Amino acid sequence: AVAATPSPDPTSCTQEAVLVCTEAHLLREGRWSGQVHGRDVVVFHHQGGCYTMDRICHHAGGPLEDGDIEDIAGHACIVCPWHKIKITLATGESLYRAIDPATIKQRPPRTKWTSKGVKQRMHTAEVKDGNVYVTLSNNEQKVDSDYYYSEEYKKLVSAS
Ligand code: FES
């Protein structure tokens, strides 16, 4: 299921769906991670849904496949094992506790879960005939997790 040629730029990525694992595996393990056309992705199975996103955490490169899934203010989130950032499974948004401006004068002020926007690139997973297929996103809008496929990052890695 792993393509030989990496295609790290999302806007030019191969749009062919790749069989990544069986449905039985996903149901048993709750997740699958690996490469699809050279991009590191993770597929989660949670409460009947399949969610696919970049595997490498946008924040500092943590392995999202090792995180726990938690409910945060009604959103199922993967919690990155490195610095505990919460990323919604449905949209790839990063959630944080912001101070509620209405309570700024209180000590302590109240906080509420707020979105920083989409930080993790979402892909598409589809279950067909007992197998799970992933199609990479080619959405042109840049997402923070794209950094791990940038020229800048490649230079950094090769210099170290
Ligand atoms: Fe994921 Fe820091 S690397 S929270």
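In what order do the elements of the protein run from the N terminus on? In this predicted model, the order is β-α-β-β-β-β-β-β-β-β-β-β-α. The protein thus described has two helices and 11 strands. The C-alpha trace spans about 55 × 40 × 25 Å along its principal axes. Of the contacts between residues at least 6 apart in sequence, 48% join residues at least 24 apart.

Of the 160 residues in the protein, 40% are buried. The accessible surface amounts to about 8,900 Å², and carbon and sulfur atoms account for 50% of this area. The charged side chains comprise 18 positive and 20 negative groups, and a distance of 10 Å separates the centres of the two sets.

Nine salt bridges were counted in the model. One of the pairs joins Glu 65 to Arg 55, with a distance of 2.9 Å from N to O. Glu 65 lies in the loop between strand S4 (49–54) and strand S5 (68–72), and Arg 55 is also placed in the loop between S4 and S5, so the pair ties together parts that are 10 residues apart in sequence. Both Glu 65 and Arg 55 are buried.

A salt bridge is also formed by the side chains of Arg 110 and Asp 100, for which the N to O distance is 3.6 Å. This pair links distant parts of the chain, with Arg 110 in the loop between strand S8 (93–99) and strand S9 (111–118) and Asp 100 in the loop between S8 and S9, 10 residues apart. The two partners differ in burial class: Arg 110 is partly exposed, with a relative accessible area of 49%, whereas Asp 100 is buried at 13% relative accessibility. Asp 100 is classed as buried because its value falls under 20%, while Arg 110 is classed as partly exposed because its value is not over 50%.

Salt bridges that share partners also produce a network, in which Arg 39, Asp 54, Arg 121 and Asp 146 are joined.

The salt bridge between Glu 29 and Arg 28 has its closest N and O atoms 3.4 Å apart. Glu 29 has a relative accessible area of 45% and is therefore partly exposed. Arg 28, at 58% relative accessibility, exceeds the cut-off of 50% and therefore counts as exposed.

Key:
Residues numbered from 1 in each chain as written. Predicted model: local features only at pLDDT ≥ 70, side-chain atom pairs only at ≥ 80, totals over all residues. Heavy atoms only, no water. Salt bridge = Lys/Arg side-chain N within 4 Å of Asp/Glu carboxyl O. Buried < 20%, exposed > 50% of the residue type's maximum accessible area, 1.4 Å probe, protein only. Helix = DSSP H or I, 4+ residues; strand = E, 2+ residues; numbered from the N terminus. Contact = heavy atoms within 4.5 Å. Areas by Shrake-Rupley, 256 points an atom, 1.4 Å probe, with all protein chains shown as cover. Lys, Arg positive; Asp, Glu negative; His and termini not counted. Charge placed at Lys NZ, Arg CZ, Asp CG, Glu CD.
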